[in-house]
Amino acid sequence: MSPGKRGVYVLPALPALALSLAPTLNDQIPARWFGPMMTGLQLLLGAALITLGLMAWNNHPSLTNKIANYTRDPARLHEAGTLVFTLGLVWLASMVVFWRSKPLGRWFIALMVSWLLFTTWGYRILEPLRTPRAIFEATEQIVPPGGQIGMINFREQFILFSRRDFTHFSYFSNEEQENRNAWLWMQETPDSYLIVAEGRELECFKMQGARPLGAAHRDTYVLLSDNDMTDNCEPPDEVTRFTTERPGDWLE
């Protein structure tokens with residue numbers, strides 16, 4: 001029903017759904033190879049998940065490099081490893097406990113338990129890694145009461161987590177124009193701060209004094225203040241800014 005998810009997430013799953021439902025809706029007995037194949041796949045999947053969990057516990061380089069854009073805290077990786085290891089046990093245990101059941105029935109049970117674990121325990125692990133909540137918690141420690149926050153190279157995920165007035169400079173502007181609009185906004189707005197991705201070369205700001213905020217959405221972010229502005233900056237071709245008052249009030 002969601003137009004934002006239908007084409008990307010739901011539609012590609014429909015062929016697999018049709019194939020998996022066909023044996024249960026058809027009066028014909030599935031081919032003799034179908035049951036052993038499903039059992040083998042379940043065994044393989046359970047073993048793969050357990051192996052992945054063990055790799056996470058041991059800080060395997062391929063995994064630490066994979067999550068480096070989200071966090072460098074090994075405890076996060078270990079917690080995710082525990083979840084994945086548990087999911088592997090679920091798949092193997094469901095196969096053993098319900099051995100006399102139909103293979104699709106075992107898959108259904110394993111999938112249902114896995115989704116329950118992922119949407120509770122798993123989402124609790126992912127939430128600080130896949131949202132900018134931690135970025136704004138760090139920002140709150142720096143920005144004084146009444147301060148406003150702006151962002152260059154705006155991402156829509158950020159606006160939902162700001163308890164301060166939040167300003168961006170058009171999603172469709174190029175970085176040069178955003179940079180100039182941000183400088184003008186900070187010059188005109190008292191107690192204004194700017195969130196930018198680390199490593200940006202901004203002609204109107206000095207990055208040496210930027211304060212680190214952490215990582216989110218595959219980028220590391222820093223906070224700029226009035227002290228990080230250059231003395232002068234070329235005016236933008238067009239003054240463009242969009243401000244939302246306290247969009248993160250829903251968090252309270």
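Visitor: Why is Leu52 called partly exposed?

Guide: This is a predicted model, and in it Leu52 has a relative accessible area of 36%. Buried would need a value under 20%, and exposed a value over 50%. The 36% of Leu52 falls in between, so the residue counts as partly exposed.

Visitor: Where is Leu52, and what does Leu52 contact?

Guide: Leu52 is placed in helix 3. With neighbours within four places in sequence left aside, Leu52 is in contact with Leu63 and Val84. Lys206 is 154 residues from Leu52 along the chain, and their C-alpha atoms are separated by 43 Å.

Visitor: What makes Ile50 buried?

Guide: Ile50 has a relative accessible area of 15%. The cut-off for buried is under 20%, and 15% meets it, so Ile50 is buried. Ile50 also has its place in helix 3.

Visitor: Which residues does Ile50 touch?

Guide: Not counting residues up to four places away in sequence, Ile50 touches Phe85, Gly88, Leu89 and Leu92. The C-alpha atoms of Ile50 and Leu83 are separated by 9.6 Å, with their positions 33 residues apart along the chain.

Visitor: How do you know that helix 3 and helix 5 are roughly antiparallel?

Guide: Their packing angle is about 160°, and their axes are 7 Å apart. Angles over 145 degrees count as roughly antiparallel. The angle of about 160° passes that cut-off, and helix 3 and helix 5 are therefore roughly antiparallel to each other. Their crossing is left-handed.

Visitor: Why is helix 3 called roughly parallel to helix 6?

Guide: Helix 3 packs against helix 6 at an angle of about 25°, with the axes 9 Å apart. Under 35 degrees counts as roughly parallel, so helix 3 is roughly parallel to helix 6. The contact is made by Phe34, Gly35, Met38, Thr39, Leu41 and Gln42 on the helix 3 side, and by Pro103, Leu104, Arg106, Trp107 and Ala110 on the helix 6 side. This crossing, too, is left-handed.

Visitor: How do the ends of helix 6 compare with those of a straight helix, and where does helix 6 bend?

Guide: Helix 6 covers residues 103-130, which is 28 residues. A straight helix at 1.5 Å a residue would reach 40 Å, but the end C-alpha atoms of helix 6 are only 35 Å apart. Helix 6 bends by about 50° at Tyr123.

Visitor: Which residues of helix 6 are buried, and what do they pack against?

Guide: Pro103, Leu104, Arg106, Trp107, Ala110, Ser114, Gly122, Ile125, Pro128 and Leu129 are buried in helix 6. The buried residues of helix 6 pack against helix 2 (14-25), helix 3 (34-57) and helix 5 (74-97).

Visitor: Why does Thr86 count as partly exposed?

Guide: Thr86 has 23% relative accessibility. Buried stops short of 20% and exposed begins over 50%; the value of 23% lies in between, so Thr86 counts as partly exposed. Thr86 has its place in helix 5. Leaving aside neighbours within four places in sequence, Thr86 is in contact with Leu117 and Trp121.

Visitor: What makes the span of helix 9 agree with its number of residues?

Guide: Helix 9 runs over residues 175-188 and has 14 residues, which should span 20 Å at 1.5 Å a residue. Its end C-alpha atoms are 20 Å apart, so the two values agree.

Visitor: Why is helix 9 called largely enclosed by the rest of the structure?

Guide: Of the 14 residues of helix 9, 10 are buried, so the helix is largely enclosed. The buried residues are Gln177, Glu178, Asn179, Arg180, Asn181, Ala182, Trp183, Leu184, Trp185 and Met186. The cover over the buried residues of helix 9 includes strand 1, strand 2 (166-168), strand 3 (192-197) and strand 5 (219-224).

Visitor: What is the phi of Asn153, and where does Asn153 lie?

Guide: Phi of Asn153 is near 60°, a positive value in a residue other than glycine. Asn153 lies in the loop between strand 1 (148-151) and helix 8 (156-159). At 30% relative accessibility, Asn153 is between the cut-offs of 20% and 50% and so counts as partly exposed.

Visitor: How do you know that Arg246 is partly exposed?

Guide: The relative accessible area of Arg246 is 35%. That is neither under 20% nor over 50%, so Arg246 is partly exposed. Arg246 lies in the segment after strand 6 (242-244). Its phi is positive, about 45°, although Arg246 is not a glycine.

Notes
Residues are numbered from 1 along each chain as its sequence is written. This is a predicted model: local features need pLDDT of at least 70, side-chain atom pairs count only at pLDDT 80 or more; totals for chains, interfaces and linings use all residues. Side-chain values use heavy atoms; hydrogens and water are left out. Helices (H or I, at least four residues) and strands (E, at least two) are DSSP runs, numbered from the N terminus. The expected span of a helix is 1.5 Å times one less than its number of residues. The bend at a residue is the angle between axes fitted to the seven residues ending there and the seven starting there. Buried means under 20% relative accessible area, exposed over 50%, partly exposed in between (1.4 Å probe, protein chains only). Contact means heavy atoms within 4.5 Å. Axes are lines fitted to C-alpha atoms, for helices over the stretch in contact, and angles run from 0 to 180 degrees between N-to-C directions. Angles under 35 degrees count as roughly parallel, over 145 as roughly antiparallel, 65 to 115 as roughly perpendicular and the rest as oblique. A crossing is left-handed if the near helix is turned anticlockwise from the far one by less than a right angle, and right-handed if clockwise.
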